[in-house]
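Student: Please take a close look at one part of this model: its strand pairing, along with what packs around it.

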Amino acid sequence: MKLPSTFLFASLLAVAASAAPRTITLGLVAKSQGNPVFQAARVGAEDAAVDLGKKLGLTIKIDWRTPNEEDAQKQAEAIEQLVLAGAEGIAVSCSDANKLTDAINSAVSNGVPIVTFDSDAPNSKRFATYGVDDLDCGKQTMEELARVLGGKGIVAVLAGNQNAPNLQRRVAGVREAAKKYPGITIRDVYYHKETPQDAAAKVEQVMQANPDITGWAMIGGWALFTENALKWQPGTVQCVSVDALPAQLNYIRSGHVPVLLGQQCYQWGYRSVALLIDKIVLKKDPPAVKEVSALVPVSKDNLDDYAKNWAKWLRK
């Protein structure tokens with residue numbers, strides 16, 4: 001029997017479609033476009049998409065929907081738009097957990113699994129979160145600062161967005177660790193809009209009003225993303241900061257900052273994609289909801305080796 005040509009054509013199309021690799025789109029919603037840590041996370045996610053796509057015979061696309069500046073409402077809208085666009089999973093770093101929890105829960109109710117990275121929404125239905133232990137991060141920052149201060153001094157804490165739950169935990173860690181050092185006094189915790197310019201302006205403003213400050217515990221590295229943010233002579237005021245971006249590394253070279261604590265921001269994206277693919281494709285949940293990544297201390301001893309990572313992380 002001779003089959004109709006239209007039937008044969010349709011059959012060939014069906015065979016071709018069945019042979020094509022499955023395409024999975026994952027959403028990536030970071031806090032802000034301009035922050036290099038999130039650019040590194042984006043590169044990590046895209047690299048994971050390539051690596052896991054080859055390994056599993058998939059085409060994995062990363063749909064990057066990050067606000068230009070921190071805006072939790074825009075992040076919530078991005079999650080809603082990604083669900084409507086057919087994303088099969090979403091990774092998000094929450095600028096404000098309270099404003100994002102409903103959007104996350106709605107996505108999960110619609111069958112879209114969510115993983116958080118960097119900044120969690122602990123009361124949401126996300127199935128996993130990846131990043132530092134924020135309480136320990138604050139403790140480690142204070143411990144390193146206490147070491148270089150010799151256990152005594154007046155300390156200011158630079159703390160970014162007051163509503164970010166990860167930063168709230170880091171501040172608690174700083175305060176807890178400081179209790180071990182009776183010679184150290186925390187003058188105050190200083191919040192600011194998370195841009196390099198706002199952070200640097202806050203440091204300058206605080207130093208002008210409090211010239212007796214001898215140490216800064218920066219639980220985020222915003223101020224050091226700019227040049228000449230620290231107006232004092234190297235060694236006169238000590239500073240330990242979270243993050244170890246290329247701009248920050250120059251402050252080690254100049255002698256202003258003895259220790260940076262690098263977050264594994266490339267892995268924020270890489271591990272988030274890996275966790276989502278495990279969940280969506282392999283139907284596998286992580287052994288624990290929280291996957292902790294360690295901070296990497298950077299000093300003059302390992303500065304040059306660490307700096308080479310950024311050529312990969314920012315694709316330079």
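Tutor: Two strands pair if DSSP finds at least two bridges between them. Strands (E, at least two residues) and helices (H or I, at least four) are DSSP runs, numbered from the N terminus. The model is predicted, so local features need pLDDT of at least 70 and side-chain atom pairs count only at pLDDT 80 or more, whereas totals for chains, interfaces and linings use all residues. Residues are numbered from 1 along each chain as its sequence is written, and side-chain values use heavy atoms, leaving out hydrogens and water.

Take strand β3 (residues 89–92) as the starting point: it runs parallel to strand β4 (residues 114–117), and three bridges join the two. Within this pair, A91 is placed opposite V115 of β4. Both strands belong to an open sheet of six strands with parallel pairing, in the order β2-β1-β3-β4-β5-β11. Its edges are β2 and β11 (290–292), each paired on one side only. From one strand to the next the twist averages 20°, where angles run from 0 to 180 degrees between the N-to-C directions of axes, which are lines fitted to C-alpha atoms, for helices over the stretch in contact.

At the β2 edge, I62 lies within the strand (residues 58–64). I62 is partly exposed, at a relative accessible area of 21%; buried means under 20%, exposed over 50%, and partly exposed in between (1.4 Å probe, protein chains only). Beyond its neighbours within four places in sequence, I62 is in contact (heavy atoms within 4.5 Å) with L26, L28, A45, E46, A49 and V273. Its C-alpha atom is 10 Å from that of V50, twelve residues away along the chain.

Helix α2 (residues 36–56) lies across β1 (22–29), β2 and β4, and runs at about 165° to β2. The axis of α2 also comes within 6 Å of the axis of helix α9 (residues 265–280), the two crossing at roughly 35°. That crossing is right-handed, meaning that the near helix is turned clockwise from the far one by less than a right angle, with anticlockwise being left-handed. The contact of α2 with α9 involves 17 nonpolar, two polar and two charged residues; Ala, Val, Leu, Ile, Met, Phe, Trp, Tyr, Cys and Pro count as nonpolar, Asp, Glu, Lys and Arg as charged, and the others, Gly among them, as polar.

Q75 sits in helix α3 (residues 72–85). Q75 is buried, with a relative accessible area of 0%. Leaving out residues up to four places away in sequence, Q75 touches V29, A30, K31, P67, V92, S93, C94, S95 and L100.

There is also an open sheet of six strands with mixed pairing, ordered β7-β6-β8-β9-β10-β12. β7 (183–190) and β12 (296–298) stand at its edges with a single partner strand each, so one side of each has no neighbour in the sheet. Ignoring direction, neighbouring strands here are turned by 20° against each other on average. Strand β10 (residues 259–262) pairs with β12 in the antiparallel sense over three bridges, and L260 is opposite V298 in β12. Helix α8 (residues 246–254) lies across β9, β10 and β12, at about 155° to β10. Helix α6 (residues 165–178) lies across β6 (152–158), β7 and β9 (238–242), and runs at about 165° to β7.
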